[in-house]
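Here's a quick tour of one residue and one sheet. Have the viewer open while you read.

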Amino acid sequence: MSDSRAPEDDEYSATVLGSHWFSGPPAGAEAVAPDRVEGSVLRFGPGVTAALPAPFPLTAPPAGPPRPRRGRGLRRYTLAAVVLAAVVAYLCWQRLGPGIEVREVAVTTDPAGPSCDAAADVVAVVGTDGRPGVLRYRWIRSDGTRSEELTERVPRGEREARLHLLWTFRGTGTYPARAELELLSPQRRTAGVDFTYRCTP
């Protein structure tokens, strides 16, 4: 099929159509100009679309590496959080959990008493349950004096703490004495012992 119009005609244009257009438009029909151009697709009139072949083969973009499943990462973080919570709970239990418990307190010394110008070694034996902790206590003497508040740290596994009071006597004569241990914490307990200082010239 040939077109009598010359290529020099300003209104002349050639359009490549799909194979279903080879029969051409009906005789006597007026040519319809494209109303919009979108890339390689030309629209001829309402509802009719002709697709031009692409000038190069179309290929799908390469697929990237598979994304890790979110569920697996969440499980990993959950396990780490559980382990961390268990460690924190154990440390809190060690520090704030049940502390040392006192079972018994006994105070002893040499029943013969100290010799002239010597010191009496008064010993308080505090029995515990074996947990670690700190004992707070003071000594009270029958001469009207008392010590400041003292502390004794008991390590784990130790079921007995020994607390010493050295009471020094000077001069001649006889003096009946009493020494008491006042346990302030973890429980309040009191125990004492009586002895006599004798020194004759």
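What follows looks at a threonine and its surroundings, then at a four-stranded sheet.

## A word on the model

Keep in mind that this is a predicted model.

## Around Thr-128

Let's start with Thr-128, which sits in strand β5, a stretch covering residues 119-128. Is Thr-128 buried or exposed? Its relative accessibility is 5%, and since anything under 20% is classed as buried, Thr-128 counts as buried.

So who's around it? Setting aside neighbours within four places in sequence, Thr-128 touches Ile-100, Glu-101, Val-102 and Arg-103, plus Glu-158, Arg-159 and Glu-160. With Glu-158 there's a specific link: the Thr-128 side chain reaches that residue's backbone oxygen at 3.1 Å. As for Gly-157, 29 residues away along the chain, its C-alpha atom is 9.4 Å from that of Thr-128.

## The four-stranded sheet

Now for the sheet. Four strands make up an open sheet in the order β7-β6-β9-β10, and the pairing is antiparallel. Which strands stand at the edges? Those are β7 (150-154) and β10 (189-199); each has a single partner strand, so one side of each has no neighbour in the sheet. On average, neighbouring strands here are turned by 25° against each other, ignoring direction.

Zoom in on β6 (residues 133-141) and β9 (residues 173-185): these two run antiparallel and are joined by six bridges. If you want a spot to click on, try Arg-141, whose bridge partner in β9 is Ala-179.

Methods:
Residues numbered from 1 in each chain as written. Predicted model: local features only at pLDDT ≥ 70, side-chain atom pairs only at ≥ 80, totals over all residues. Heavy atoms only, no water. Buried < 20%, exposed > 50% of the residue type's maximum accessible area, 1.4 Å probe, protein only. Contact = heavy atoms within 4.5 Å. Polar contact = N/O pair within 3.5 Å; in protein donor to acceptor, adjacent residues only side chain to side chain. Pairing = 2+ DSSP bridges. Axes fitted to C-alpha atoms, helices over the stretch in contact; angles between N-to-C directions.
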